[in-house]
Amino acid sequence: MARSRVVGVDVDAVIFELYGLRPADFTAARDAHAARARREKDAAAAAAIGALRRPTLAVWAANLLARSHPDRAEALLRLGAELRRAYRELDGAQLRTLSHEQHRVIAALAGETEQLAAGAGEQLRETAVREIEGIFHGLLADEETARQWADGCLRKAPTAAVGFEGLEPAPGAAPGRTADVPRRTADVPAPPAVDEKRAAAAREEAAQASAALQKAEEHLTEASVARDRAEADAADLRGELAALQERVETAQRAAQEAKRLHRQAEQARAKAERSAEKAARRLAERDRSEG
């Protein structure tokens, strides 16, 4: 994983720690690290850490697999590279072969991930298992996110890909073979007899849906950052409140001790006054007897 150490705090080390935690433990640990960065006057690190989003259970489980079995992660990365290369070369036969392979690999990885999560104390529901399968499918088309996952630091599920958007056929690829290239996802080739206008409309609709989804995710990210900052501020205030409460309790204990000492002093003074009065009476009696 590329290092991006911010002065004072190793943000990458914090990220690696946080995304290895179960989701239920994530927020408290993140807030503690952000608060520590603020105490160390490292505003950049505090902001970077405070903006981190808690992963879903499926994302955490996928990270668990990558951390526990890096060889499995590298195998999926290789499969993704082969699929992307076949797409660039418009190699329909190879895509069909790799499509069958990816179904087998992803099913095996999802089952292994489910077992690892159970061993870590998390029983995954069927919906989470399906989300894990979707994550692995998405990683095949997204090399950068796949590398993040292989490092065990996937932060959110990759956006579902329509084919391999952003990849252009290699120069010299035979255009007549494009019918073998999958249109919907990286796993199932499209039927060869596809109406071009309908296909173009479908691609346009998919592109619009993808843009809308991206915008929604951006809004969600902004809202999550604001929420996380508010939570971090609340954590700081709770810490300050706890410190103030401790100071109040200490002052109250000091006041109680001062009252106790004051009572003792009052009692000692009263006793001394009684002793002085007795001594004065004895002295007066003695003077009278001598007189």
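## Helix α4 and its surroundings

The buried residues of α4 pack against α2 (23-39), α5, α6, α7 and α8. This is a predicted model, and α4 makes a good place to start reading it. Helix α4 is mostly covered, with 9 of its 12 residues buried. Those buried positions are Ala58, Val59, Trp60, Ala61, Ala62, Asn63, Leu64, Leu65 and Ala66. From its first C-alpha to its last, α4 reaches 16 Å, close to the 16 Å expected at 1.5 Å a residue.

Arginine 67 brings us to a contact between a charge and a ring. Arginine 67 lies over the face of phenylalanine 16, at 3.9 Å from the ring centre.

## The overall layout

Stepping back, the protein chain has 9 helices and 0 strands. Read from the N terminus on, its elements run α-α-α-α-α-α-α-α-α. Of the 291 residues in the chain, 30% count as buried.

How do the contacts spread along the sequence? Among contacts between residues at least 6 apart in sequence, 70% join residues at least 24 apart. One pair you can look up in the structure is aspartate 151 and proline 70, which are 81 residues apart in sequence and 8.3 Å apart in space, C-alpha to C-alpha. Aspartate 151 lies in the loop between α8 and α9 (196-290). With 29% relative accessibility, aspartate 151 counts as partly exposed.

## Two nonpolar cores

In soluble globular proteins, nonpolar side chains tend to be buried together. Here, the largest nonpolar core has 33 residues, and Leu76, Ile135, Phe136 and Trp149 touch the most other members. Two or more residues of this core come from each of α4 (57-68), α5 (70-88), α6 (92-119), α7 (126-141) and α8 (143-150). Which element gives the largest share of this core? That is α4, with 8 residues.

Leucine 76 shows how such a core member is surrounded. Leaving aside its neighbours within four places in sequence, leucine 76 is in contact with Val105, Leu109, Phe136, Leu139, Leu140 and Trp149. Apart from this largest core lies another, of 15 residues, among them Val14, Ile49, Leu52 and Cys153.

## Helix α6 and what follows

Helix α6 has 28 residues and reaches 40 Å from its first C-alpha to its last. That span is close to the 40 Å expected at 1.5 Å a residue. Its buried residues pack against α4, α5 and α7. They are Gly92, Leu95, Leu98, Ser99, Gln102, Val105, Ile106, Leu109, Ala110, Glu112, Thr113 and Ala117. Two of these residues, Val105 and Leu109, are the ones met above as contacts of leucine 76.

After α6 comes glycine 121, whose phi is positive, near 95°.

## Around α2 and α3

Histidine 33 is found in helix α2. Is histidine 33 buried or exposed? Histidine 33 is buried, because its relative accessible area is 14% and the cut-off for buried is under 20%. Beyond its neighbours within four places in sequence, histidine 33 is in contact with Val14, Glu17, Leu18 and Ile49. Val14 and Ile49 also appear among the members of the 15-residue core.

In helix α3 (residues 43-50), Ala45, Ala46, Ile49 and Gly50 are buried. Seen down the axis of α3, these buried residues fall within an arc of 125°, so they line one face of the helix.

The structure also holds 2 aromatic pairs. In one of them, tyrosine 19 and phenylalanine 26 are tilted, at 5.2 Å centre to centre and with 55° between the planes. Both tyrosine 19 and phenylalanine 26 are buried.

## Two loop residues with positive phi

Most residues other than glycine have a negative phi. With that in mind, two loop positions deserve a look. Lysine 41 is not a glycine, yet has a positive phi of about 60°. Leucine 90 also has a positive phi, near 55°, in a residue other than glycine.

Their settings can be set side by side. Lysine 41 is found in the loop between α2 and α3, and is exposed, with a relative accessible area of 75%. Leucine 90 is placed in the loop between α5 and α6, and is buried, with a relative accessible area of 5%.

Key: Residues numbered from 1 in each chain as written. Predicted model: local features only at pLDDT ≥ 70, side-chain atom pairs only at ≥ 80, totals over all residues. Heavy atoms only, no water. Core = buried A, V, L, I, M, F, W, Y, C linked by side-chain atoms within 4.5 Å. Buried < 20%, exposed > 50% of the residue type's maximum accessible area, 1.4 Å probe, protein only. Helix = DSSP H or I, 4+ residues; strand = E, 2+ residues; numbered from the N terminus. Contact = heavy atoms within 4.5 Å. Phe/Tyr/Trp six-rings, centres within 6.5 Å; stacked < 30°, edge-to-face > 60°. Lys NZ or Arg CZ within 6 Å of the ring centre and 35° of its normal. Expected span 1.5 Å × (residues − 1). Arc of directions from axis to C-beta.
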